[in-house]
Amino acid sequence: MINHVLKNMGIPLLGIGLFLLLWAGAAQNINTSLGKFPGPSAVSTQFVALYNEHVAEREKADKFYQRQEKRNAERMAKDPSYQAKIRGYTGKETFLDQIFTSLITVSSGFLLAAIIAVPLGIAIGLSKTLNMAVNPIIQIFKPVSPLAWLPLVTMVVSALYISPDPMVAKSFLNSMITVTLCCIWPMVINTSVGVAGIDEDLVNVSRVLRLPALKHVQKIVLPAAIPMIFTGMRLSLSVAWMVLIAAEMLAQNPGLGKFVWDEFQNGSSESLSRIMAAVITIGFIGFLLDRLMLQLQRWVSWDKSSAQR
């Protein structure tokens, strides 16, 4: 048992340690226009600095709202008919704010894609005729880069989403829809393949029991196709995360991508360290999102062996 734990934890830690040593050694030999390439120590320092900036910004926001409440209370004391106005804090978004924004955006785009892709994939897998009709469209749009979708999405949203008091920002819709368009295809393909490959004996059981179409999908199709459905979801989520960062960088929409681009444009002596901190954060969040999907598959799948890694 102890050997098993040491193996499962020791080998990954050893790999990480060797990577950090190689990184630190290589960083000392790479000179850029902004100085030496940041090593692990410089990046860890920036993580602390970014967190401290977030705390300081939250303190500013709290003081802003406190002053606003005090002014409104004084005005209402002098004039009871005064309608107090609460203005939002307009300070800069911190690194942690950007992380939260990106997570909200990628989650929204991924969920919208899943709502469309899973039912469509089931329908395609159950109908050869529909598969023949839809497959050429999927094959054409599947390889399209997010950088090609983004300008089109931006123009369509600007033309159709016209409101004096919008519920959500256009930048959020642009990023979310771009993510949806790029991560929908792996889910459709894997779901349809999983449904089409269901064991014929299960299909025959459904016919013998004369299950209605919806019951057939619920009792036979979904349980059998879950491993492939979640494979598509995991692929789509990783694509969604990569697409989002690229879209935020290109369109300057709020999020981690914009943070990276702003630091690149800033060109300060700390910019490289802050960019590297963002790169590590992006990779770590992508890893956590994949583990989250894997754990969800374990919860809902009857075949636990299909969700081992």
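In the predicted model, Val 156 is located in helix H5, which covers residues 146-160. With a relative accessible area of 46%, Val 156 is classed as partly exposed, because that class lies between the limits of 20% for buried and 50% for exposed residues. The C-alpha atom of Val 156 lies 9.1 Å from that of Asn 174, a residue 18 positions away in sequence.

Helix H5 belongs to a chain that comprises 10 helices and 2 strands. Read from the N terminus, the order of elements is α-β-β-α-α-α-α-α-α-α-α-α, so that both strands follow helix H1 and precede helix H2. The radius of gyration of the chain is 25 Å, whereas a compact globule of 309 residues would have a value near 19 Å. The C-alpha trace extends over about 75 × 65 × 40 Å along its principal axes. Of the 309 residues, 33% are counted as buried. The accessible surface amounts to about 18900 Å², and carbon and sulfur atoms account for 67% of this area. When contacts between residues at least 6 apart in sequence are considered, 69% of them connect residues at least 24 apart. The chain carries 27 positive and 19 negative charges, and the mean positions of the two sets are separated by 4 Å.

The largest nonpolar core consists of 52 residues. Within this core, the residues with the most contacts are Phe 95, Met 187, Met 233, Trp 241 and Leu 256. At least two core residues are supplied by each of helices H1 (2-27), H2 (40-78), H3 (95-126), H4 (128-141), H6 (170-196), H8 (213-251), H9 (256-266) and H10 (271-300). Helix H8 provides the largest share, with 14 residues. The surroundings of Met 233 illustrate how segments distant in sequence meet: with residues up to four places away in sequence set aside, Met 233 is in contact with Phe 110, Ala 114, Val 118, Met 187 and Met 293. Of these partners, Met 187 is itself listed among the core residues with the most contacts.

Two residues of helix H6 were examined individually. Val 195 is situated in helix H6 and is buried, because its relative accessibility of 4% falls under the 20% limit. Beyond residues up to four places away in sequence, Val 195 touches Ile 122, Gly 125, Leu 126, Val 221 and Ala 225. By contrast, the C-alpha atoms of Val 195 and Met 242, which are 47 residues apart along the chain, are separated by 28 Å. Ile 189 is likewise part of helix H6, but its relative accessibility of 24% places Ile 189 in the partly exposed class. Ile 138 and Lys 142 are the residues touched by Ile 189 when those up to four places away in sequence are excluded. Between Ile 189 and Ile 229, which are 40 residues apart along the chain, the C-alpha separation is 8.9 Å.

Contacts between further parts of the chain are seen at Gln 46 and Ile 275. Gln 46 is a residue of helix H2, and its relative accessible area of 6% identifies Gln 46 as buried. The contacts of Gln 46, again without residues up to four places away in sequence, are with Glu 270, Ser 273 and Arg 274. Ile 275 lies in helix H10 and is also buried, having a relative accessible area of 16%. Under the same exclusion of residues up to four places away in sequence, Ile 275 touches Val 260, Glu 263 and Phe 264. The distance between the C-alpha atoms of Ile 275 and Ile 124 is 43 Å, with their positions 151 residues apart along the chain counted as the sequence separation.

A backbone feature was noted in the loop between H8 and H9, where Gln 252 is found. Most residues other than glycine have a negative phi. The phi angle of Gln 252, by contrast, is positive, near 60°. The relative accessible area of Gln 252 is 29%, so Gln 252 is partly exposed.

How values were computed:
Residues numbered from 1 in each chain as written. Predicted model: local features only at pLDDT ≥ 70, side-chain atom pairs only at ≥ 80, totals over all residues. Heavy atoms only, no water. Helix = DSSP H or I, 4+ residues; strand = E, 2+ residues; numbered from the N terminus. Rg over C-alpha atoms; globule rule 2.2 N^0.38 Å. Buried < 20%, exposed > 50% of the residue type's maximum accessible area, 1.4 Å probe, protein only. Contact = heavy atoms within 4.5 Å. Areas by Shrake-Rupley, 256 points an atom, 1.4 Å probe, with all protein chains shown as cover. Lys, Arg positive; Asp, Glu negative; His and termini not counted. Charge placed at Lys NZ, Arg CZ, Asp CG, Glu CD. Core = buried A, V, L, I, M, F, W, Y, C linked by side-chain atoms within 4.5 Å.
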